[in-house]
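User: I am new to this structure and would like a close look at a single strand and the strands beside it. Please take me through that part carefully.

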Amino acid sequence: MSSLCPAPPVALVEPVSTKIHYLLSGTFNTVFLYLLAFNPLTSDLSIHAKIRGEGPHQFWALNEKRDRAYGTTWAQPPTLSAWEVLGNGRDGIKRINTVPITATSSYIQVSPVQPRIYSAGGPTGEVHAVDPVTGGFGEKLQQMLYVPEADLDKADKTRVALRYGSHGIDINLPRKQVFVPHVGHDSIYMYNLREDGQLDLVNNCPSYGTHDGIRHVVPSADGSKLYGVTEHTSFVDVYDILPDSLQHRQRFSVIPSDKDPLRKTFRGDTLRFSQDGQYLFVTTRGMTSATRGYVSVWKVGADGLLASEEPVDRYETPTSGGKANAVETFPFHPRGSPITTDWIVLTDDQDGWIIILEWDGKKISEKASVRLGVEDGDGETDAVGASHAVWLS
């Protein structure tokens, strides 16, 4: 799985029903961050703390120990920020530092084997060192370009460029590669990961189909397959990863067949594996509030291909999802034990819901939820748009 959901340290591997789990979420329309507490025994999800951030924070990544969180933001001028996680999230978070970047980044990832942080969005991407003392951002080591260098000065560097520029970034550790999907180029940039943690461009691989807008990709655990979701057409694609290219193998629909005439009213969003790699969860959101999104889950075969054209289940989300409908799967199952029940955190930007979904191997259902803004306890009545949430403990 990607570096966003690293294997937890042994101290955190406990039966899932014996502890309260803490999560961190950003928002799209406020400068606040939310710490959430999930009690699986009572099926309760509550707001634990509300913390002022650096602007609208749309995406998070965690280090291996889950004691540092790294966030992107829509704030101007473009920046990235690092935060210390206190007491597994129970005691809050504390900002470490903020660093300037050339253009607003969308996604961010942390290497679990090197002190490096990778981000990408719009016309640029970055490689930063991790400060060995604070765990925050250190020196900026490299900048990747997705426009000609001569055009960089005049290129849009705000969040608007995320709609048609580079959008995600993910690390393929087994093969020492990094992939950056580009919505506007209908392509996936393929890099080799050097020993010093910097990147060498190998190829700009065309994605399958035209005008699909490849948005987010994740590699298989063994590094042989790459899975992607398309923003404009809501398909999930599977590729073989070759030394210097990608070979398309499968394409299936995230939305049900009866919605096919309405395909352009959806926007593909994110992909995440279950901790054991047996299932792949893929999301799409509605283009407007009139269209609800979906979370579709596929069984992954031993060969890395999806086991069937139709997913095992599709969950229709309560709202369109707005700009979110992002998911993160639960990463704290005991190692080596069969996963009979799984949890997925889903974020909703339209009405501000954060939902814990439960997966029993056959069906997705809602286990717990909380609404940001309305349930802050400070008299707020307007919904706060939840962006992306990660499991701290």
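Analyst:

**Strand 18 and its neighbours**

Strand 18 (residues 235–241) is largely enclosed by the rest of the structure, because seven of its seven residues are buried, where buried means under 20% relative accessible area with a 1.4 Å probe and protein chains only. This is a predicted model, in which local features need pLDDT of at least 70 and side-chain atom pairs count only at pLDDT 80 or more, while totals for chains, interfaces and linings use all residues. Residues are numbered from 1 along each chain as its sequence is written, and side-chain values use heavy atoms, with hydrogens and water left out.

Strands here are DSSP runs of E with at least two residues, numbered from the N terminus, and two of them pair if DSSP finds at least two bridges between them. From strand 18, Phe235, Asp237, Tyr239 and Ile241 point one way, whereas Val236, Val238 and Asp240 point the other way, and all are buried.

Strand 18 pairs in the antiparallel sense with strand 17 (residues 225–230), over five bridges, and in this pairing Lys225 of strand 17 stands opposite Asp240 of strand 18. Four residues lie between the strands in the hairpin that strand 17 and strand 18 make, and there Ser234 takes a positive phi near 55°.

Strand 18 also pairs with strand 19 (residues 246–253), again in the antiparallel sense, over seven bridges. Within that pairing, Val236 has Phe252 of strand 19 as its bridge partner, and strand 18 and strand 19 form a hairpin with four residues between them.

Note on methods: Buried means under 20% relative accessible area, exposed over 50%, partly exposed in between (1.4 Å probe, protein chains only).
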